[in-house]
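Before reading any single feature, it helps to settle how far the coordinates can be trusted. The paragraphs below begin with confidence, then turn to strand pairing and finally to the surface.

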Amino acid sequence: MLGVSANAQRYNLGFGMRAGVTNFLGDIGSGDEARGFLFNMEIADTRWAVGPFMRWRFHPLFALQGGVTYARLQGMDVNSENRARRGRNLNFRNDIFDITAKFEYYPQVLAVSDVGFRGRYRTDYQTYFFAGAGATVHNPKGIHPNTGEYVKLRPLMTEGESYSPVVFQVPLGGGFFFTTNRQHRIGFEIQWSWTFTDYLDDISGTYVQHDPGSDAYIMANQHDPSFFNVPDAANYEAGSPRGDPTDRDNYVLMTVSYSYLIRTRNSFYRRNYSWMYGRRRRFGGTKAKF
């Protein structure tokens, strides 16, 4: 019984950290008229992302991953080639917490259990795809044109609307990783977060009337006619479109990660990583059992 119990302990639970970049697709910035969807993202507004995660590989084909990523989203109309957005001249910065639970699928046709095929325990390679559910905690800010400091936009109700600082999101994407010596894992992942809000950048609907001189008035409308060939000021008055309420805000996370795996009791690795067990090596001998 002791041998069976020890043999059932496998490295299928990992804890790690990830770091990378993020980019935003919404109502501020980008908007280049010749491009669409992902190609509409503005490289100049790429910012950072970092956070911890854990993964439980409970089956050869499936795993659960949970994590929290602290990231910055940013957009600036000055970087856009869209005339209306450049004339609008708004900007935002949003430091978010991306909280997700992902269900991962591992197609075995995209897995290599012994990279290099040397027959000894070497490097394992896995590709996976995921979908899940999560929340985005956010607090958009904009640069005050008079002070140059960042001002919280949600309390100002720049469009006369109140919105929640916590929104539901659906993370979709995929990645891959290499595992060496059973316990050290290096990976790469792309996550597309489809959110249920249009206010990550504080823009969605139309301009509304504010008291002249108030912060709400100043932050809501920063039209700059000095840009070449932009619409005139009448396009930025109360009642005029300020954003596009038909498209919700989205963002992309691209990260690299390191995780450390620990032993747990789960016998599926006998089926999934058979190269770890007593099969003959290509060059003879028998591999040790763990």
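pLDDT is the predictor's confidence in each residue, on a scale from 0 to 100. In this predicted model local features need a pLDDT of at least 70, side-chain atom pairs count only at 80 or more, and totals for chains, interfaces and linings use all residues. Residues are numbered from 1 along each chain as its sequence is written, and side-chain values use heavy atoms, with hydrogens and water left out.

The protein chain averages a pLDDT of 86, and 83% of the residues score at least 70. Over residues 269–290, however, the pLDDT is below 50. Among the elements (DSSP runs numbered from the N terminus, with helices being H or I of at least four residues and strands E of at least two), helix α1, residues 2–7, has the lowest mean pLDDT at 35, whereas β4 has the highest at 98. Where pLDDT is low, the predicted coordinates should not be read in detail.

Strands pair if DSSP finds at least two bridges between them. Strand β9 (residues 166–180) and strand β10 (residues 184–195) do so in the antiparallel sense over twelve bridges, with Phe178 opposite Ile186 in β10. These two strands form a hairpin with three residues between them, and Asn181 in the turn has a positive phi of about 50°. β10 also pairs with strand β11 (residues 250–265), again antiparallel, over eleven bridges, and here Arg185 stands opposite Ser259 in β11.

Phe97 lies in strand β4 and is partly exposed, with a relative accessible area of 38%; partly exposed means between buried (under 20%) and exposed (over 50%), using a 1.4 Å probe and protein chains only.

Definitions and conventions: Contact = heavy atoms within 4.5 Å.
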